[in-house]
Amino acid sequence: MAVPVDAHTLAVEQMRLGDHAFAHYEDDEQRWGVLGVFAQLGLARGEKVVVMADPDVPHDEAFRRLFPDGVSEAAVSRGQLRFTSMRELIDPHRSFTAERQMGRLREETEQARSEGYAGLRSIIDMAWVQDLGMDVEGVMHRETHAEALFTDRLYAEICTYDSRRFTPETVEAMRVGHPVALLERPGELGAFHFDHGLRMVGDADWSIRAQWSAALGDALGGPSADHPLLIDLTPVSFLSVTCGTEVLRQVQQARPARRVEVRCSPFNAELLRRLGASGVGTLFLVEDEGSVW
């Protein structure tokens, strides 16, 4: 099942400590891509990573899938990367409660900090729900009432759902209920149109230039062409010269001409300036310091 892109969609590369994200997969190939990027970035940023994979997947297989190059074996040896399960997390208790789980995750975060790591990020495959015989409603309540875990921005979590195990209604409720919903695969581009605006998410590289161009054209030529347009590029992880040039070309050639505000990171703003943004009279750059990925 394809999930929509909207105002709370991000690419996994943009996740930081403090983020609580939804992901889903439909097959074993899709299962590991986003999670592998999340885990590898955590290690690279000096964070501790805890993986609670599907209970039916052995730890060594999960390691191979998340780290196909094997270079992170040293992280396991030094304790920065740990594979466990929900059963082990709540041990010695046998029954799950949201308070018990959240308390243990707080302890894990504090331990990570005491060990010198910047924080903790965890991968939780929600297959544990069936493994522990939990009711979905109780888990859904935990997922939508876990703000306290993330307020100090020392902990990040991806909850990933196998759409073969959960109903489409449950998957959609969890997507909407999480503060962040991730693009399905690394390197993807998502476009979200809203009133007088366009939000682009993910990677804007040469390979998606046709999709990028079409989204810009739809926004610039929409029924509200007499209003100023906001193009929000702050969730764009990578902006290629090709796609940056296409922004300037379409804004400059828009008929009727309309004021366009492009909101982006300082890095991407500098790229657009180097490509000639100052020569496009209807384009205004707004740098967002918080969007430095």
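**View A. Strand β3 is covered on both faces.** In this predicted model, K48, V50 and M52 lie on one side of β3 and are buried. V49 and V51 lie on the other side and are buried too. The strand spans residues 48-52. With 5 of its 5 residues buried, β3 is mostly covered. Note that K48 belongs to the buried set, on the side that also holds V50 and M52.

**View B. Strand β3 pairs with β5 and with β4.** How many bridges link β3 and β5? There are 5, and the pairing is parallel. Strand β5 covers residues 120-125. Within β5, I124 is the bridge partner of M52. Strand β4, residues 81-84, also runs parallel to β3. Here 4 bridges join the two strands. V51 has F83 of β4 as its bridge partner. Both M52 and V51 are buried, on opposite sides of β3.

**View C. Helices α1 and α2 cross at roughly 75°.** Helix α1 runs over residues 28-44, and helix α2 over residues 59-66. Their axes come within 8 Å. Angles of 65 to 115 degrees count as roughly perpendicular, so α1 is roughly perpendicular to α2. Which residues make the contact? From α1 come D28, W32, L35, G36 and Q40. From α2 come A62, R65 and L66. Sorted by class, the contact has 4 nonpolar, 2 polar and 2 charged residues.

**View D. Strands β8 and β9 form a hairpin.** Strand β8 takes in residues 189-194, and strand β9 residues 197-204. The two run antiparallel and are joined by 6 bridges. One bridge pairs F194 with G197 of β9. The hairpin has 2 residues between its strands. Where does phi turn positive in this hairpin? At H196, with a value near 60°.

**View E. Helix α11 has buried residues covered by strands and a helix.** Helix α11 extends over residues 266-274. Which of its residues are buried? They are P266, N268, A269, L271 and L272. The elements that cover them include strands β11 (236-239), β12 (260-264) and β13 (283-287). Helix α10 (241-253) is also among the covering elements. After α11 comes G276, which has a positive phi near 115°.

Methods:
Residues are numbered from 1 along each chain as its sequence is written. This is a predicted model: local features need pLDDT of at least 70, side-chain atom pairs count only at pLDDT 80 or more; totals for chains, interfaces and linings use all residues. Side-chain values use heavy atoms; hydrogens and water are left out. Axes are lines fitted to C-alpha atoms, for helices over the stretch in contact, and angles run from 0 to 180 degrees between N-to-C directions. Angles under 35 degrees count as roughly parallel, over 145 as roughly antiparallel, 65 to 115 as roughly perpendicular and the rest as oblique. Contact means heavy atoms within 4.5 Å. Ala, Val, Leu, Ile, Met, Phe, Trp, Tyr, Cys and Pro count as nonpolar, Asp, Glu, Lys and Arg as charged, and the others, Gly among them, as polar. Two strands pair if DSSP finds at least two bridges between them. Buried means under 20% relative accessible area, exposed over 50%, partly exposed in between (1.4 Å probe, protein chains only).
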